[in-house]
Amino acid sequence: MDWQKEWCDPILEHELKLGGCTVRLTVDESAYKIAGDVGGNNMHNHSRFEVHIILRGACRLDLEDSGISVRQGQAAVVGHGRYHRVVPETPDCQRLAIGIAMPECALRRAVSAALEARIVYPVTEEMLALCRSFMAESEQRPPFCRELMTARMAELAILLMRLLELPLDRTPATQEQRPPQNIIDNYFESRLDQNPCAEELAAYLHISRRQLNRVLQATYGMGFREKLLRNRMDQAKWLLRHTDKTVSAIAGEVGYTDDSSFRQAFRRQFHTTPQEYRLKHTQRQEESK
């Protein structure tokens, strides 16, 4: 048997139970090398968490308004739905990128809370050695490499959760108490240019309007209107930074029927106009070159 041909699919996935939740890990072999460049427009986001473990050299992690340098022996964890890109800072940069997906549960909430305070973490020698052996299996592809890599993915997941020092609430949440957060996120993201309403979302989740308000407060710390405004403004900021669309076009794309209302809402939220925000970001990009 030709073991080199055993692995035709570059995507490796593995599921395991952690903290009472089902966690799915994904590693894409084709993404080992850091793609993109400073001048490119390759900001993107995922519905999962993404961990970048730097095994050699250094890179820069661009996160919306900020840029963070990550070097060998460190790991950067990107929250779900957060726009980012990874740019090499040294020609020898090598990383292992791991996607971590989980349903709405205590573990997911704990990871999200941890990332509010910290993004970059020091990696233990144990984890670095595990990652390097993982990469070696991928490059050499000896017999049963997929089986061994899968086992190591499970070990990596446990070490990553320890790395985040998560204060877990192990009380399970029922579907009625806590609908999946990704369903709520997808609802807001897909209807920014329409006229979403709380009653529609509550019906979609098969809960009452009152239950929906409790869910939104527990999950995001805000009500329906505030959550909708936050999503619209976040999307508007991204479009102002990464596209050449006019302010009027952006206003329509995020759900405003006239750009005057959009400009007023943007100024109330960020204490600056859309044009001033775009100019300031453009100047920052020029200065960083």
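1. Helices and strands are here DSSP runs, a helix having at least four residues and a strand at least two, numbered from the N terminus. Counted this way, the protein chain of this predicted model has 10 helices and nine strands. Of its 289 residues, 47% count as buried. Among contacts with a separation of 6 or more, 70% join residues 24 or more positions apart.

2. The largest nonpolar core contains 42 residues. Ile 53, Ile 98, Ile 100, Leu 107, Met 127, Leu 160 and Met 161 have the most contacts inside this core. At least two core residues come from each of strand 1, strand 2, strand 3, strand 6 (74-78), strand 8, helix 1 (106-117), helix 2 and helix 3. Helix 3 gives the most, with nine residues.

3. Helix 2 covers residues 125-140, and its length can be checked. At 1.5 Å a residue, its 16 residues should span 22 Å, and the C-alpha atoms at its ends are 22 Å apart, so the two values agree. Just after helix 2, Arg 141 takes a positive phi of about 50 degrees.

4. Which residues of helix 2 are buried? They are Met 127, Leu 128, Leu 130, Cys 131, Phe 134, Met 135, Glu 137 and Ser 138. These buried residues pack against four strands and one helix: strand 1 (11-18), strand 2 (21-28), strand 3 (49-56), strand 8 (94-101) and helix 3 (145-163).

5. Leu 156 belongs to helix 3. Is Leu 156 buried or exposed? Its relative accessible area is 1%, and buried means under 20%, so Leu 156 is buried. Leaving aside neighbours within four places in sequence, Leu 156 is in contact with Leu 96, Ile 98, Met 127, Leu 130 and Cys 131. Of these, Met 127, Leu 130 and Cys 131 are among the buried residues of helix 2. Leu 128 of that helix is 28 residues from Leu 156 along the chain, and the C-alpha atoms of the pair are separated by 9.8 Å.

6. Met 161 is one of the core residues with the most contacts inside the core. With neighbours within four places in sequence left aside, the contacts of Met 161 are Leu 18, Ile 100, Leu 107, Val 111 and Leu 166. Ile 100 and Leu 107 also appear among the core residues with the most contacts.

7. How many cavities of 30 Å³ or more are there? The count comes to one, and the volume of the largest cavity is about 60 Å³. The lining consists of Phe 49, Val 51, Val 77, Ile 100, Met 102, Val 111, Leu 160, Met 161, Leu 163 and Leu 164. By type, this lining has 10 nonpolar residues, no polar and no charged. Strand 3 and helix 3 each supply at least two lining residues, and helix 3 has the largest share, three residues.

8. The largest pocket holds about 1,300 Å³ of space. Its lining has 36 residues, and His 80, Gly 81, Arg 82, Lys 227 and Asp 234 are the closest to its centre. Helix 1, helix 4 (181-190), helix 6 (209-220) and helix 7 (224-242) are the elements that give two or more residues to this lining. Helix 7 provides the largest share, eight residues. The pocket lining divides into 10 nonpolar, 13 polar and 13 charged residues, whereas the lining of the largest cavity has no polar and no charged residues.

Methods
Residues numbered from 1 in each chain as written. Predicted model: local features only at pLDDT ≥ 70, side-chain atom pairs only at ≥ 80, totals over all residues. Heavy atoms only, no water. Expected span 1.5 Å × (residues − 1). Buried < 20%, exposed > 50% of the residue type's maximum accessible area, 1.4 Å probe, protein only. Contact = heavy atoms within 4.5 Å. Core = buried A, V, L, I, M, F, W, Y, C linked by side-chain atoms within 4.5 Å. 1 Å grid on protein atoms, 1.4 Å probe; cavity = no way out; pocket = protein on both sides within 12 Å on 5 of 7 lines; lining within 4 Å. Points joined across faces, edges and corners; volume = space filled by probe spheres on them. Nonpolar A, V, L, I, M, F, W, Y, C, P; charged D, E, K, R; others polar.
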